[in-house]
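Dear colleague,

I am handing over the structure we spoke about, and I would be glad if you could look through it with the notes below at hand.

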Amino acid sequence: MRATQRLTAPRGALLVIDVQEKLLAAIPDRERLVANAVRLIRGAKILDVPSWGSEQYPEGLGSTVAAIADLIPERCSKLTFHCCATARILEQLYGRHIRHVTLAGIEAHVCVAQTALELLDLGFRVQIPADAVASRHDSDQKFALRRLENAGATISTTEAVLFEWCETADRPEFKAISGLVKERT
């Protein structure tokens with residue numbers, strides 16, 4: 001795949017990583033993160049982009065926050081930091097012939113970064129909306145995104161992802177996607 005290839009809905013997927021109660025409590029801008037993750041999930045549903053979620057050690061870190069859990073009721077539980085050790089996620093990606101994955105969630109420098117690097121190694125294109133990932137410390141997020149971009153991930157924004165998935169203003173879903181964009185936090 002070319003680095004300039006657009007990341008469109010038909011071959012894309014969304015993976016929302018570890019937006020759990022105890023982890024989220026330590027995130028400074030948690031409202032923005034949750035709002036943008038929710039907008040991505042809702043946009044994915046509108047455009048028929050498959051969406052999955054993960055939870056890191058839910059027995060200790062709690063469940064996914066309700067706003068996201070309601071939209072992604074089935075989430076994979078994991079102990080590894082990256083999601084690629086979860087067979088169900090890889091089965092879904094390969095089974096649906098997904099070529100690129102958009103990642104949202106926490107923490108940018110741990111689970112999101114390790115998942116992105118694993119996906120890149122497996123040959124997937126990876127897109128990370130910077131406003132839909134977070135870490136406890138700004139410097140961790142900043143350097144994680146820099147590292148991931150240098151590794152080949154596309155760093156973007158929630159709005160850019162939604163419009164890139166939509167592709168054109170003349171498709172029937174455009175009005176709904178435009179409405180999500182206007183909800184900007």
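The notes that follow take up the strands and then the cavity.

Please keep in mind throughout that this is a predicted model.

A convenient place to begin is strand β4, which covers residues 100-106 and is mostly covered, with seven of its seven residues buried. In a regular strand the side chains alternate between the two faces of the sheet. For β4 this gives one side made up of H100, T102, A104 and I106 and another made up of V101, L103 and G105, and both of these faces are covered.

Several strands pair with β4. Strand β1, residues 12-17, runs parallel to β4 and is joined to it by six bridges, and within this pairing I17 stands opposite G105. Strand β5, residues 125-129, also pairs with β4 in the parallel sense, over three bridges, and here V126 is the bridge partner of V101. If you follow the chain from β4 through α6 to β5, you will find that the three make a right-handed β-α-β unit. Strand β6, which consists of residues 133-134, pairs with β4 in the parallel sense over two bridges, and V133 in β6 is the bridge partner of G105.

Another pairing involves strand β2, residues 51-56, which is parallel to β3 and joined to it by four bridges, with S54 standing opposite C76 of β3. Strand β3, residues 75-78, has a covered face formed by C76 and K78, whereas R75 and S77 make up its uncovered face.

Turning to empty space inside the model, rolling a probe the size of a water molecule over the atoms shows where such space is left. The structure holds one cavity of 30 Å³ or more, and the largest cavity has a volume of about 40 Å³. Its lining consists of L15, W52, C83, C84, I89, L93, V101, T115 and L119, and the elements that give two or more residues to this lining are α5 (87-95) and α6 (108-121). What is the character of the residues in that lining, nonpolar, polar or charged? They divide into eight nonpolar residues, one polar residue and no charged ones.

Two links between these parts may help when you open the model: V101, a buried residue of β4, is also among the residues that line the largest cavity, and α6, which belongs to the β-α-β unit with β4 and β5, is one of the elements that contribute two or more residues to the lining of that cavity.

With best wishes

Key:
Residues are numbered from 1 along each chain as its sequence is written. This is a predicted model: local features need pLDDT of at least 70, side-chain atom pairs count only at pLDDT 80 or more; totals for chains, interfaces and linings use all residues. Side-chain values use heavy atoms; hydrogens and water are left out. On a 1 Å grid over the protein atoms alone, a cavity is a set of points where a 1.4 Å probe fits but cannot get out, and a pocket is an open set with protein on both sides within 12 Å along at least five of seven lines; lining residues have an atom within 4 Å of a point. Grid points are joined across faces, edges and corners, and a volume is the space filled by probe spheres set on the points. Ala, Val, Leu, Ile, Met, Phe, Trp, Tyr, Cys and Pro count as nonpolar, Asp, Glu, Lys and Arg as charged, and the others, Gly among them, as polar. Buried means under 20% relative accessible area, exposed over 50%, partly exposed in between (1.4 Å probe, protein chains only). Two strands pair if DSSP finds at least two bridges between them. A crossover is right-handed if, with the strands pointing away from the viewer, the path from the first strand over the helix to the second runs clockwise.
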